[in-house]
Amino acid sequence: MPDEVTHFDAETAVDTGQGRRKGLGFAPVAFVISLFAPLTYGVAMLATRSGYISYDLGFNTIALTYVPKIATVAMILSALSLLISVFKAPKTYGPWALSAVIVSGSVLAGYYAYELRLKANPPIHEVATDWERPVTFSSKLITARGPSAHPVEDSPYVGRNVAYEWAGQSLAAINAQTCPMASTIPGRPKDAAAVVRILRQEGYVVFGQSDWRVEAIWEDPWWGNRSDLVVRLDPDKTDIRSVSREEAVDLGGNCKRVTALIQRLKS
């Protein structure tokens, strides 16, 4: 009887289950774990958008606190599984491990980009075109904003414990630096009906209107957080103010919406 030749091959061992017993089957598990972070983020977003949980719980707590931690743990496990797979069974488990690394890395990269945006934008949640004579909201809209919303003040300031660069500065000064295009529109204003049409075309829900003021609500399509906007129609000029309800930092969102509306009202 001819001598039998015993030859061990990692790929063959994987197929017969021997490699799996040695821990190579961890790669698919790591991939499943890597999905926890984006799935948790998605569930939190949908639950917040639907009103099942608060914006503070959904975004500030789950999305900004727990999801990055889950992604970090998943990234460590994914990197470990990739290292094992490369040396033991690259063809069989390498794709699983690499996919796990890509998913976890993409989530962490997204948070890194978000942190960069936070640093690039001032810690504010409103923009106005006139701070010498502040544009005001109706008492009805103030009530609709709710008790948990940011207060609407005549002369708001950034807290001294928020950000060193902007600490103690007024929003009037910050708006002038970071959103210079948000300025009064001189000349005879459009009538309230025209303003209402423009706001609706821009995706706003009109809350109320009069001959001299139009109020509207903008809702984020992802998280459902809202910003309230008012257009004041004076005989010789038009002013706008937009104030977020809950988001601590608007990342320039209010500035973009106000300046876009200014361009529409000027046309």
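A crossing is left-handed if the near helix is turned anticlockwise from the far one by less than a right angle, and right-handed if clockwise. Keep that for the second stop.

This is a predicted model: local features need pLDDT of at least 70, side-chain atom pairs count only at pLDDT 80 or more, and totals for chains, interfaces and linings use all residues. Residues are numbered from 1 along each chain as its sequence is written, and side-chain values use heavy atoms, with hydrogens and water left out.

**Stop 1: α4 against α5.** Select residues 36-50 (helix α4) and 55-88 (helix α5). Helices are DSSP runs (H or I, at least four residues), numbered from the N terminus. Their axes come within 9 Å and cross at roughly 180 degrees. Axes are lines fitted to C-alpha atoms, for helices over the stretch in contact; angles run from 0 to 180 degrees between N-to-C directions. α4 and α5 are therefore roughly antiparallel (angles over 145 degrees). Now show side chains. Phe 36, Tyr 41 and Thr 48 are among the α4 residues that meet α5; the α5 side includes Tyr 55, Phe 59 and Ile 70. Contact means heavy atoms within 4.5 Å.

**Stop 2: α3 against α5.** Keep α5 and add helix α3, residues 26-34. These axes come within 9 Å and cross at roughly 155 degrees. α3 and α5 are therefore roughly antiparallel too. Their crossing is left-handed. From α3, select Phe 26, Ala 27, Ala 30, Ile 33 and Ser 34. From α5, select Ala 74, Leu 77, Ser 78, Ser 81 and Ser 85.

Note on methods. Helices (H or I, at least four residues) and strands (E, at least two) are DSSP runs, numbered from the N terminus. Angles under 35 degrees count as roughly parallel, over 145 as roughly antiparallel, 65 to 115 as roughly perpendicular and the rest as oblique.
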